[in-house]
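The exercises below ask you to read a single chain from its overall layout down to individual side-chain pairs. Please work through each task with the sequence and coordinates at hand before turning to its solution.

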Amino acid sequence: MGSSTWEVFSHTDLITNLEHFYTSILDLLSDLDEKDEVDQLLMWWNRQIFPLYADLERVPAKNSALAWIKQKCEEMKEGAANTSFGTRD
């Protein structure tokens with residue numbers, strides 16, 4: 001069994017609405033006004049979890065899911081740019 005004694009996952013318990021808590025964290029992490037603090041927090045977190053963590057730009061493995069997602073994002077951006085460019089008078 002995991003770190004909980006619960007047999008069934010629940011989005012809410014008597015104390016915490018876990019879904020609200022999760023979305024609040026996502027909102028904070030994506031808030032541009034909090035970017036410096038978020039970057040520091042993520043650096044701290046990564047060093048706690050991965051002691052040898054280095055804040056280097058990581059290039060995804062060529063055939064990884066992340067590489068595929070990034071490629072599709074770039075294709076969508078290019079398609080949107082070409083579409084908006086083509087509609088100008």
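**Exercise 1: Trp45 and the aromatic pair**

Trp45 is partly exposed, with a relative accessible area of 46%. This value, like the others below, is computed from a predicted model.

Task: Determine how many aromatic pairs the structure holds, and describe the geometry of the pair in which Trp45 takes part.

Solution. Step one is the count, and the structure holds one aromatic pair. Step two is the geometry: Trp45 pairs with Trp44, the ring centres lying 6.4 Å apart and the planes meeting at 50°. Step three is the class; because planes under 30 degrees apart count as stacked and those over 60 as edge-to-face, with the rest tilted, the pair of Trp44 and Trp45 is classed as tilted.

**Exercise 2: The chain as a whole**

Task: State which secondary-structure elements the chain contains, and what percentage of its residues is buried.

Solution. Begin with the elements: the chain has three helices and zero strands, and read from the N terminus their order is α-α-α. Continue with burial, for which the chain of 89 residues gives a buried share of 6%. Finish with the surface, where the accessible area comes to about 8700 Å², with 60% of it belonging to carbon and sulfur atoms.

**Exercise 3: The nonpolar patch**

Task: Identify the residues that make the nonpolar surface patch, and decide which helix gives the most to it.

Solution. First list the members: the patch, of about 890 Å², is made by Phe21, Ile25, Leu29, Leu41, Leu42, Trp44, Trp45, Ile49 and Phe50. Next assign them to elements, whereupon helix H1 (18–30) and helix H2 are each found to supply at least two residues. The helix that gives the most is H2, with five residues. As a check on one member, take Ile49, which lies in helix H2; it has a relative accessibility of 43% and therefore counts as partly exposed.

**Exercise 4: Asn46, a residue of helix H2**

Task: Decide whether Asn46 is buried or exposed, and find which residues it contacts beyond its neighbours within four places in sequence.

Solution. Locate the residue first: Asn46 sits in helix H2, which covers residues 35–49. Then compare its relative accessible area with the cut-off; since buried means under 20%, the 18% computed for Asn46 makes it buried. Last, leaving aside the neighbours within four places in sequence, the contacts of Asn46 are Pro51 and Tyr53.

**Exercise 5: The salt bridge of Asp39**

Task: Find which residue forms a salt bridge with Asp39, and state where the two partners lie.

Solution. The partner is Lys35, and the closest N and O atoms of the two residues are 2.8 Å apart. The side chains of Asp39 and Lys35 also make a polar contact, again at 2.8 Å. Both residues belong to helix H2, where they are four residues apart, about one turn of the helix. Their accessibilities are then read off: Asp39, at 37%, is partly exposed, and Lys35, at 44%, is partly exposed as well. A further separation involving Asp39 is that to Leu29, which is 10 residues away along the chain, with 8.8 Å between the C-alpha atoms.

**Exercise 6: Salt bridges and spacing in helix H3**

Task: Given that the structure holds three salt bridges, describe the bridge of Glu75 with Lys72 and that of Lys77 with Glu74.

Solution. Start with Glu75 and Lys72, whose closest N and O atoms are 3.4 Å apart; being three residues apart in helix H3, they are separated by about one helical turn. Glu75 is partly exposed at 38%, and Lys72 is partly exposed at 31%. Turn next to Lys77 and Glu74, where the closest N and O atoms are 3.8 Å apart, and where a spacing of three residues in helix H3 again corresponds to about one helical turn. Here Lys77, at 54%, counts as exposed, whereas Glu74, at 42%, counts as partly exposed. To complete the picture of this helix, which covers residues 65–86, consider Lys70, another residue placed in H3. Lys70 is partly exposed at 45% relative accessibility, and its C-alpha atom lies 9.1 Å from that of Pro60, the two residues being 10 apart in sequence.

Notes:
Residues numbered from 1 in each chain as written. Predicted model: local features only at pLDDT ≥ 70, side-chain atom pairs only at ≥ 80, totals over all residues. Heavy atoms only, no water. Buried < 20%, exposed > 50% of the residue type's maximum accessible area, 1.4 Å probe, protein only. Contact = heavy atoms within 4.5 Å. Areas by Shrake-Rupley, 256 points an atom, 1.4 Å probe, with all protein chains shown as cover. Phe/Tyr/Trp six-rings, centres within 6.5 Å; stacked < 30°, edge-to-face > 60°. Patch = residues over 30% accessible without salt bridge, like charges linked within 9 Å, V, L, I, M, F, W, Y side chains within 5 Å. Salt bridge = Lys/Arg side-chain N within 4 Å of Asp/Glu carboxyl O. Polar contact = N/O pair within 3.5 Å; in protein donor to acceptor, adjacent residues only side chain to side chain.
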